[in-house]
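Take a moment to turn the model around on your screen before reading on. We'll walk through it piece by piece, starting with the overall layout and then zooming in.

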Amino acid sequence: FVAMKYVKVILNIWTAEPSQFAQEYPHAEVCLSLDKGPWTCWEIFEMKIAPMFTELEAGNHTLEAVVTDDARSTIRRDTWSGMRHFVVLPESEDDASTNTK
């Protein structure tokens, strides 16, 4: 997909037994890695707004997501989203002039 300087991440975590997952993993976190950087994590059941990455450089980017165990100490690679690719377009001259007014 194509983004402009920021990307809001919409997460869809699927499990066959949602209520059982919530009981067994009440403090599990979803963790995101932008461009193979450090993992940034949010508690799944406490998340009020979608995670967002801002001030992105123009060019190609990658994003990965995983879920932690309930102790929040181990990233569960079996929950890996796969590598997602997206492009941030450079600001056009029209956009730059609009942003400076």
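What pattern does the chain follow, read along the sequence? Going from start to end, you meet β-β-α-β-β-β-β-β-β-α. That gives two helices and eight strands, where helices (H or I, at least four residues) and strands (E, at least two) are DSSP runs, numbered from the N terminus.

Before going further, some housekeeping. This is a predicted model, in which local features need pLDDT of at least 70 and side-chain atom pairs count only at pLDDT 80 or more, while totals for chains, interfaces and linings use all residues. Residues are numbered from 1 along each chain as its sequence is written, and side-chain values use heavy atoms, with hydrogens and water left out.

Now for the chain as a whole. Of its 101 residues, 28% are buried; buried means under 20% relative accessible area, exposed means over 50%, and partly exposed is in between (1.4 Å probe, protein chains only). The accessible surface comes to about 7,100 Å², and carbon and sulfur atoms hold 53% of that. Such areas come from the Shrake-Rupley method with a 1.4 Å probe, and for residues, only the protein chains shown count as cover. What about contacts, meaning heavy atoms within 4.5 Å? Among those with a separation of 6 or more, 58% are between residues 24 or more positions apart.

Let's zoom in on strand 3, residues 29-34. Why is strand 3 described as largely enclosed by the rest of the structure? Because six of its six residues are buried. In a regular strand, side chains alternate between the two faces of the sheet. Here both faces are covered: E29, C31 and S33 are buried on one side, and V30, L32 and L34 are buried on the other.

Which strands does strand 3 pair with? Two strands pair if DSSP finds at least two bridges between them. Strand 3 has four bridges to strand 4 (residues 40-43), in the antiparallel sense, and five bridges to strand 6 (residues 59-68), again antiparallel. V30 shows both pairings nicely: its bridge partner is W42 in strand 4 and V67 in strand 6. Elsewhere along strand 3, E29 stands opposite E43 in strand 4. Strands 3 and 4 also form a hairpin with five residues between the strands, where D35 takes a positive phi near 55°.

There's another link between these two strands. C31 and C41 form a disulfide, with their sulfur atoms 2.0 Å apart; the cut-off for a disulfide is a pair of cysteine sulfur atoms within 2.5 Å. C31 lies in strand 3 and C41 in strand 4, so the pair ties together parts that are 10 residues apart in sequence. The link is right-handed, with 110° about the S-S bond, and the count for the structure comes to one disulfide. Are its two ends buried or partly exposed? C31 is buried, with a relative accessible area of 0%, whereas C41 is partly exposed at 31%.

Over in strand 6 you can find E64. With 9% relative accessibility, E64 counts as buried. Its side chain makes a polar contact with the side chain of W80, at 2.7 Å. (A polar contact is a pair of N or O atoms within 3.5 Å; within protein, one must be able to donate a hydrogen and the other to accept it, and residues adjacent in sequence count only if both atoms are side-chain atoms.) Leaving aside neighbours within four places in sequence, E64 is in contact with several residues, including C31, L32 and S33.

Last stop: the aromatic rings. A search of the whole structure finds two aromatic pairs. The rings of F21 and Y25 have centres 5.1 Å apart and planes at 35°, so this pair is tilted. F21 and F45 make a tilted pair as well, at 6.1 Å centre to centre and 50° between the planes. This pair links distant parts of the chain, with F21 in helix 1 (residues 18-24) and F45 in the loop between strand 4 and strand 5 (52-53), 24 residues apart. As for the cut-offs, rings of Phe, Tyr and Trp (its six-membered ring) pair if their centres lie within 6.5 Å, and planes under 30 degrees apart count as stacked, over 60 as edge-to-face and the rest as tilted. F21 is buried at 17% relative accessible area, while F45 is partly exposed at 38%. Together, the ring pairs link F21, Y25 and F45 into a cluster.

Note on methods. Contact = heavy atoms within 4.5 Å.
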